[in-house]
Amino acid sequence: MLQKTLQNCRKLALAVARADAPFYLLPPLMLLLVAGTLAQGPMGLYAAQKKFFSSFIFWTGPVPLPGGYTLIGLIALSLLVKFLAFSEWSRRRAGINLSHFGVLILLFGGLLTATGAKESFMVIPEDTESRYLYDYHQRTLYIFENDVLKLSKPFNELKLRITGVPFDLIVQNICSNCAIVKRANEGNYHGMAKFMALESTPPSKEPEADLPGLTFSIAGLKDQDGTYIAFEGMPEPITLYANEKEYKIIFGKRQSMLPFTIRLSDFEKEIYPGTDKARGYSSDIVIVDNGLEWPARIEMNKPLRYKGYTFYQSSFEQTDKMQATILSVVENKGRLFPYIGTLIITAGLLLHLAFVMRGRTA
Amino acid sequence: MKKILAVLFLILCCTKIAAAAEPELNYTSFGLLPVLHEGRVKPLDSFARIMLREFSGRDAVRGHGAAEWLAEVLFDPVSAAETPVFEITNPAVREHFDLKLKKTLFSFSELAPGLAAHAAETQGLRDANPDNLTAQQQTTLRLYDDVAIYSELLRSFSAVLPLGIDAPPAYGTGKTENAYVDFRASESKIQNDAAKLVRKKGADTAKYTDDEKKLASLAFALQEIRTAGVNNGTLKIINKNGQWISPWQSLLQNGDLKNWQDMAIAYRSGNAEGWRAAANAVRGKTPFKIYLEKAYNITAPFPLAMGFYLLGIIILAAELYRKSNRMLFPLLCLGFGLALHVTGLASRIIILSRPPVGTLYESLLFVSLICAATALALYLRRKNLVALFAGQGAAAFLLFLAPFLLQRGESMEMLVAVLNTSFWLGTHVLCITAGYAVCILAAMFAHAWFILRLKNAPARQLHLLYDSIYKTTLAALLLTGIGTILGGIWADQSWGRFWGWDPKENGALLIVLWLIWIQHGRIAARLNRMAFLAAVAFLNVIVALAWFGVNLLGIGLHSYGFITGIALALGFFCAGETILIATLWKLNAEKTRHALA
């Protein structure tokens, strides 16, 4: 029985590891690639990537189709089984085996990146310092008690009632892309809700253009009871008073903190003479960590790496009075895998090509 | 619109001046004058060519080269305003501006009334989303932009050009022809005196004496020329302590325009010696890069290389038709073509101080070089005649296409910030573009295999060609695979992610997946010989889509490569190639069936 099961397993593994597997799996992956690329125009980059590539299945009308994760996963599985169990370990096949190993390293790095990489950004005006990171996509509701964070709730976890504060906060409505409209009715509204209301609208092509927000009511604070609105980028926080304490409610990009501080000494935008075309951007910064500080420079194509974080020159803000740098910040444990994978694949393909060029014909 | 009116005024001012004699002038020194344009100091010859191409789509007008045309624009704006230089191919635009429908080239004077009449309505288009504009509206906006630049050029040296107005004796400069600069010292006095005159006698010039009329005319002309000139910064041709400024900016900083005035006088009088001397005096010591760029402009190495490649193919075909084995002339043509091609690219590397490929146009120049060079290498190594045809044919075709990829006439663009890295331009970009070239060669070989088989070529020749195709696809996989991964590493270095499913990245990956697929199909015996070859031939389509097609989507982080206007041509190419490959495959399959029967 065991022997039969093992035989069946071997048969299955052999079938998975045959060259036929990529032959049949690659066309759907190529079709997915083309469809996902073409869809980026009408759908937007982020939505199309999420639907086609960062998914196990996606729906075309009532028909489910395999997404990027499924197809790449199957190819990786086929390659892994082939590499471990059925590779021909000879000089003739050394280049091919090495290339396959390099691809596996690359795919493993991709898996680590897909599951563990965190992307955020920080905004630092000149001559100031910051350790706050802002998430590109995730939004959170924060409640501060006397300027100390009391609680935070991610946007996708906002429930009907929020507890943990000396008042009732009841979420009435949330919208991932709100339209601000003039309030038509009168009632017990507070703050900006007196004049405006939030209405849900379809998401934009690019999530950066969306305006997420929520409408909620407060109870238990007598004259402060009523309906409020909060949305990203609201100029002032909602301030409430309870038990002689001040509570501030802020809704915006999810924040986290670096274990060190970055100070911006100078941001420079270099332009080509006689034009307004940028030649390069750079930020002269000072890293402040554990009482020590030292200067560093971040430029286009020259990121700074420190303590597992990589800082990239991403953008900038400029007004008449100030300049601020915007740095992308990435934590990615799979960062080195593409580099290692590239070296191995290059060596493998060169070896195989050299072998073929030395005389073997097709 | 004020600019156009100001130029019209300048023209009216100058109408009394006799038209300049047709000068037999030498424009060598003039073309070598350095000028700052689009972020780079370049010879005036390059500037003239870019401008002329931008306006007219041509390298010459009325038989005059670009430098000669620019000299007329700068020093004889009256004539230049009558020179037909603006190309309008869209009949709807011509109709919109009440222009003659049968012509496509119009002068500034012909355009000015129509543009002035429609200025207000066109202004509204500037606030609209460019993606929502029709082709006619886009052409119209571009025409306004071009005319605005042209009008600035016409007025670049208005300070040193003759006014065509008799100055009253009290303000005379002692010259027969006076320019704005000649009255610079006395300008405020002239304006004050004219103001007093108006206060005393009113604005009706009928009450003025002859001298008072001259004073009023002079004051008005000086004021108009100054007002129209002070903001003119288009032609940054004067180097003031490392800062490049325009003649008017120089004048406002008390700069001396005497040499320029001498040039203007010499040009207008057709004084060849004076013209040369004044140009040399202005030019001073010319940097090597300026000489090199002028030589590059004159020799036009890439069209010449294309000519040699085509000649090489023709001679090779003739030799084969005559069943001759003489390869000297075809190889000489290929050698000359390659020498010119390499020289052209080397010149660009020196002039731009960066690796050779940074734009779509440059990628065509490089890919075509790799095609031709690989063809020569394959011939020398394996006596592969098909490679000579395929490599030179592909190189000539790509060089023919290259100028169509230039968006606004300039072929030596400064790169956007993210591309300003010699390391990645020299590794990822060269690797992936070399991969494109090898893919194209493999596809061309596959086409040739089908054709040769239909022509009953010997089995050994077909076998050797098939072997070349197999090895070329492996080389293509090596180059495109490594190039794609290097691109990912570059993206990791500049944007913080290795892979983002961006259209350009997906295009490169598509080529790699296609190559892996056909190799596995061959190994697994799922693709027979002809299916494998058809798949290799189809690489042309895959490469075209990855190279150009994804840029048409206009989305993603690779925004510096976005292009428009080639969708139809690309569609025709892909459809044509698909039909051709299907036909060749079908004919070969029929031939096999007949042979078996």
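In the predicted model, chain B is divided into two domains, each assembled from two sequence segments: domain 1 spans residues 1-156 and 232-286, and domain 2 spans residues 300-407 and 418-596. The C-alpha centres of domain 1 and domain 2 of chain B are separated by 40 Å.

Chain B also forms an interface with chain A, in which 52 residues of chain B are in contact with 49 residues of chain A. On the side of chain B that touches chain A, at least two residues each are supplied by strand E1 (34-37), helix H21 (459-494) and helix H22 (503-523) of chain B. H21(B) provides the largest share of this side, with 17 residues. By residue class, the side of chain B that touches chain A comprises 33 nonpolar, 13 polar and six charged residues.

Within chain A, strand pairing was examined for strand E7 (residues 168-175), which pairs with strand E6 (residues 161-162) in the antiparallel sense over two bridges. In this pairing, A:Ile162 has A:Leu169 of E7(A) as its bridge partner. E6(A) and E7(A) form a hairpin in which five residues lie between the strands. The turn includes A:Gly164, whose phi is positive, at about 105°.

E7(A) is further joined to strand E10 (residues 213-219) of chain A by seven bridges, and these two strands likewise run antiparallel. Here A:Cys175 stands opposite A:Gly213 of E10(A). E7(A) thus pairs with E6(A) and with E10(A).

Terms used: Residues numbered from 1 in each chain as written. Chains lettered and ligands numbered in written order. Predicted model: local features only at pLDDT ≥ 70, side-chain atom pairs only at ≥ 80, totals over all residues. Contact = placed C-beta atoms within 7 Å. Helix = DSSP H or I, 4+ residues; strand = E, 2+ residues; numbered from the N terminus. Nonpolar A, V, L, I, M, F, W, Y, C, P; charged D, E, K, R; others polar. Domains from an automatic or database assignment. Pairing = 2+ DSSP bridges.
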